[in-house]
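Trainee: I would like a close look at one helix pair and its surroundings. Please take me through it slowly.

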Amino acid sequence: MATASIDRDSVPAHWTHRHLLDLERLTPGEITLLLDTAARFKEATDGCRQKLAVLAGTTIVTLFFENSTRTRTSFSLAARRLGADVIDFSASSSSLSKGESFIDTARNLEAMGVSAVVVRHRTPGTPHLLAQHLSVGVINAGDGPHEHPTQGLLDIFSIRERVGDLAGVTVGLVGDIAHSRTARSNLWGLVKLGARVILCGPPTLVSERWRELGVEVSHDLDEILPRCDVLNLLRIQFERQNTRPFPSVREYAHLYAMNRDRLKRAKKDLLILAPGPINRGVEVTAEVADCPQSLILDQVTNGLAVRMGVLWLTCGPRAAALPGGSS
Amino acid sequence: MASLVIRGGRVIDPSQGIDRIDDVLVRDGQVVAVGRSGTQPVGRVDETIDASGLIVTPGLIDMHVHLREPGREEDETIETGTRAALAGGFTSVACIPNTEPPIDSQAAVEFIHQKAARADTCNVFVVACASKNREGKELAEIGQLVEAGAVAFSDDGSPVADAELMRRIFEYCRMFDKPFLAHEEVLELTAGGVMHEGLVSMVLGLNGMPAAGEEVMIGRDIALAEVTGGRLHVMHVSTAGGVALIRAAKARGGRVTAEACPHHFTLTDESLRGFDANFKMSPPLRTAADVEAIIEGLIDGTIDCIATDHAPHALEKKMLELDRAPFGILGLETAVGLAVTRLVEPGRIGWPRLVEAMSTRPAEILGINRGSLRPGAVADITLIDPAMSWRVDAARFASKSVNSPFHGWTLQGRAVATIVGGRVKYRLAEPAAV
């Protein structure tokens, strides 16, 4: 894991993908490689503070069709730490509002010579469609409620930093599972690495059918609480819901908010994650968000490490030589 | 006028219980007889078609076709859509009135008839709107539309959400003995949906359209049809629960009939994993259990007929994100191949049942004088090569659009000649065997 090994030509041979579209279709070995790579970058940049010039001369575009602050900032910063130029492209400021299709927009950017496209879109599968139409790398920065692979990786990375091996660790994903891309990416990554996953929330947000994927489904946070090593508190995605899935925020918080009282009944070394932006008082109270077991700020730093690793794997010169069909 | 002999094919006509190797004799646009040509007084024979090895059927009828004209000529026109019908072996189509403007007036029906006459391709029967402007608020002028030639009524594309209006439609259509063709959907349950609601939609994070969204409405309409004595025809039934409801209604002696689409007995919601909008249609592709229930419904006659719901969309409309792309799939040019490949070849149904489902029953439901090779019948005839293996190539479609998920598939069974009113309107140019 020597710093010297990180350069433009040293991408491991067993990484064979041009794109990072989802975690569902990655093998456990590939997910471990992504996590190990993030660890190398975190170490080589002194905790994500220093620069490395491994992507100097490349240009990365962040193509965001949906609002975002932290994910976009994190990708931009990660790219700059690696010496890449970054173009930020927003749907609101673009020809999309003039009726251009997203495929045409992306092809235009590709024609300008970018090395990779980091895309966020409200519709599941849009990064996958782009990957079929572009020859450069496509990184999914969140496609509707489908997946958010770098968020899943950084959550798992943050847990792994504290507990080491994920096998046998019990992780509760609590909240709006129905509309959460973070939940899906966490689910796939955690299951593949051998963790026990519990999905928890009201039946209107957590379908019983998730059991078919080998995870536990619960509607009772207080019952699962003593069994969890980690809780990941997911935001209620009001903007994606057609109809209100619970009577009031007050009632939701009563049943599912992680508060001081619940913290007392949890394992002493329970780790708490929240992908953000957090709604203090809804899924987590302020005192829990800021407690010593909270990894919320670790997640932000680790997001840089994960994204540096992903950019290096997908848009280094070796990636450009990979066949276009693989994803 | 000319006479024609179709010699030595396997003639299947369920309306007369015929299934034998025989000749079909045609004169002046009418069937003279099914029988050995040497024994019949046909007089001078102008044309002979050697049908040995082929299946000869009453012309196929697709009772659910979106021709898009007027208003969406970038997707399809009456001419291109009816040419696609001929290439698929269909001698008649019933066109659905969700055009712009919708077909809710005598003038609009007349427009379709004139355009169809000008195209001079296959027969076009007009399904007219059941409600004014297809808004689901008040009855369309159904009596005058019947006078103009409308054969059935439908607000397809949308359900009739208002149960009271639905009841009035059944009652009023009864006076003319016309069926109501129902698009069964509870819009509150499918809002924002792009695919079947199930494990696949959950994993993909796509909004789902639950089976109950279709079944609740089928149940409502069966109840209203039974109460009024109206004629309900359930369009594009796609769920096992829907098939069960229709089966039970038929067992009670109800006048309900139903159709299923080739894509609903061929594909499942797993197809959406590639996020290709060509797999997006309404009702959506369901589960393997639903596919099996549709096939069983076709076997036992619960589902009377096969209709395609041919729904052309220009390429640029389908190259959008899944939630922005429109619902719909082409059907006319792949229906025979899919039916033979999925139903006949595996031994699920026999050829007579297939011909019944694609000709006899649609003619009976629409009350049109087609679907038979009886002496004196209009000589609409389809010749099918049951053994031909061919590759679907969307670039060669007669349709104006290419939104078929079956592009590149190899199918067995294809129409090789389509005869309308005694005239050969289509012959497969070169048997592009695979």
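Mentor: What follows starts with one helix pair and then moves out to the chain around it.

This is a predicted model, in which local features need pLDDT of at least 70 and side-chain atom pairs count only at pLDDT 80 or more, while totals for chains, interfaces and linings use all residues. Residues are numbered from 1 along each chain as its sequence is written, and chains are lettered from A and ligands numbered from 1 in the order in which they are written.

The pair is helix α3 (residues 102-111) and helix α4 (residues 126-133), both of chain A, packed at an angle of about 50 degrees with their axes 10 Å apart. Axes here are lines fitted to C-alpha atoms, for helices over the stretch in contact, and angles run from 0 to 180 degrees between N-to-C directions. Helices (H or I, at least four residues) and strands (E, at least two) are DSSP runs, numbered from the N terminus. That angle makes α3(A) oblique to α4(A); angles under 35 degrees count as roughly parallel, over 145 as roughly antiparallel, 65 to 115 as roughly perpendicular and the rest as oblique.

On the α3(A) side the contact is made by A:Phe102, A:Ile103, A:Ala106 and A:Arg107, and on the α4(A) side by A:Thr126, A:Leu130 and A:His133. Two residues are in contact if their C-beta atoms, placed from the backbone, lie within 7 Å. By class, this contact of α3(A) with α4(A) has four nonpolar, two polar and one charged residues. Ala, Val, Leu, Ile, Met, Phe, Trp, Tyr, Cys and Pro count as nonpolar, Asp, Glu, Lys and Arg as charged, and the others, Gly among them, as polar.

Both helices also turn up at the chain contact, which takes 19 residues from chain A and 13 residues from chain B. On the side of chain A that touches chain B, α3, α4 and α6 (181-192) each supply at least two residues. α4(A) gives the most to that side, with three residues. By class, the side of chain A that touches chain B has five nonpolar, 10 polar and four charged residues.

As for the rest of the chain, chain A has 12 helices and nine strands. Its C-alpha atoms fill a box of roughly 55 × 50 × 35 Å, taken along the principal axes. Among contacts in chain A between residues at least 6 apart in sequence, 75% join residues at least 24 apart.
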